[in-house]
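Could you walk me through this model, one selection at a time? I have it open in my viewer and would like to know what to pick next.

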Amino acid sequence: MGFLKDRLNIQNATSITLQDSELLRLLGIDGQNIRPGKLGEITYFTCLKHLSECIGKLPIRQYKEDAVKGKEKVRGSYLDYILNTEPNPYMTASTFWQTVELNRNHYGNAYVYQECYTIGRNAGQIKALWILPSNQVTIWMDDAGFFGKQSAIWYVWQDQRGRGKQYKFRAEEILHFKSSVSWDGIVGLAVKDILKIQIETAQYGQSYLGKLYKNNMFGGKVILNYTGDLDRKKEETLAKKIESYSSSVGSGKFIPLPLGITAQTLDMKLSDAEFVDLNKLSALQIAGAFGIKPNILNNYDKSSYSNSETQQLDFYVNSFMPTLKGYKEENTRRLLTSKQKIDNNVLEHDIKELFKLDPVKQIGVLQKGINNFIYTANEAREEMGLPYSNEPSANELIGNGNYIKISQIGSQWKGGVKVE
């Protein structure tokens, strides 16, 4: 694992500030031209940020599906600490999974190497997870069987930052999270490449707006027309005198002009060029490609509070659920042992964080669950972040005793339990 530790050597790290050109280059921001990078486009950045934070805040749980007991949470698994607290010595779980999702969306593919113990009683178990640079990894298909297995897939990392070395990984050593768009099912396509023209058009719009602000072109202007030629110093003197009359002499409604000079007003409005409408349309199109709803972009033109709740649910069902299903399948097949997979163990994200309720509503939901034999008291206390009760009955299902089975309907009129 030395090759990854070399890449993270803090002696090679540099610090940059908001004034540094390197940071502006990374963000795709330039005072004159549009850089190839796409993160400088605000809608694109907002979509990536929202999706990354959604993944980062969801814990990953291990469940076992049993024919008798149903779906049970597996507690005490060594994977729980790696997946939800510290995937490797340099990252917390939130940072790790946010970075994975950012790479998956920006490059179309995210690659994670599994470092395993090689000796001792933990041999074969996962020790740490490391993110490989997506733009430095290529996928090779071994059609001829040169690496010992015909039609095998290999991941090759060309380390461009360090010594220029090349590292080859077997498919089972890599967690490969790809975008939902792929021609061959092996390599994912990036949204930024598919929408290259759309995103660059939005960048040009932002650059245009920035230049207008920089040159103070907004608001009403006065153009002075005169015959002849004036040097720069005389032009500035004339402009200052005219401006002083409009701001400090009388009401400013009357401005005296020298003979031969006429004034013309110029009012610069973005609405005249339909800039606002076109910019908004472009933003919604980019967001739509990510499955992001308008309320995430702070666009509430046709939204209400209830409508925003519906958009959040629609985002989960139609946009985020396919992503979570992809994570579930890849994590399960690569991180669990063969025995665990045979026993119907799975790794999936806990989605409750997406639908957090205020305390009053949450208690109401849990109370209904307890009264209808859905939650035990301890399960409800766990949802509230409270410790378990030591009472044995806290682990039993309780409910309203007035409910009866459908097969017993009408038996109450016979003075006893219906006999088949």
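Start by selecting helix α3, residues 42–56 (helices are DSSP runs of H or I with at least four residues, strands runs of E with at least two, both numbered from the N terminus). Its 15 residues reach 21 Å from the first C-alpha to the last, close to the 21 Å expected at 1.5 Å a residue, where the expected span is 1.5 Å times one less than the number of residues. This is a predicted model, in which local features need pLDDT of at least 70 and side-chain atom pairs count only at pLDDT 80 or more, while totals for chains, interfaces and linings use all residues. Residues are numbered from 1 along each chain as its sequence is written, and side-chain values use heavy atoms, without hydrogens and water.

Staying on α3, colour its buried residues, among them Y44, C47, L48, L51 and I55 (buried means under 20% relative accessible area, exposed over 50%, partly exposed in between, with a 1.4 Å probe and protein chains only).

Next, the aromatic rings. Rings of Phe, Tyr and Trp (its six-membered ring) pair if their centres lie within 6.5 Å; planes under 30 degrees apart are stacked, over 60 edge-to-face and the rest tilted. The count comes to ten aromatic pairs. Select F96 and W97: this pair is edge-to-face, 5.0 Å centre to centre with 90° between the planes. F96 is buried at 0% relative accessible area, and W97 is buried at 3%.

Now move to Y113 and F169, a tilted pair at 4.9 Å and 45°. Y113 lies in strand β3 and F169 in strand β7, so the pair ties together parts 56 residues apart in sequence.

Finally, add F177 and Y327 to F96 and W97 to see one aromatic cluster.
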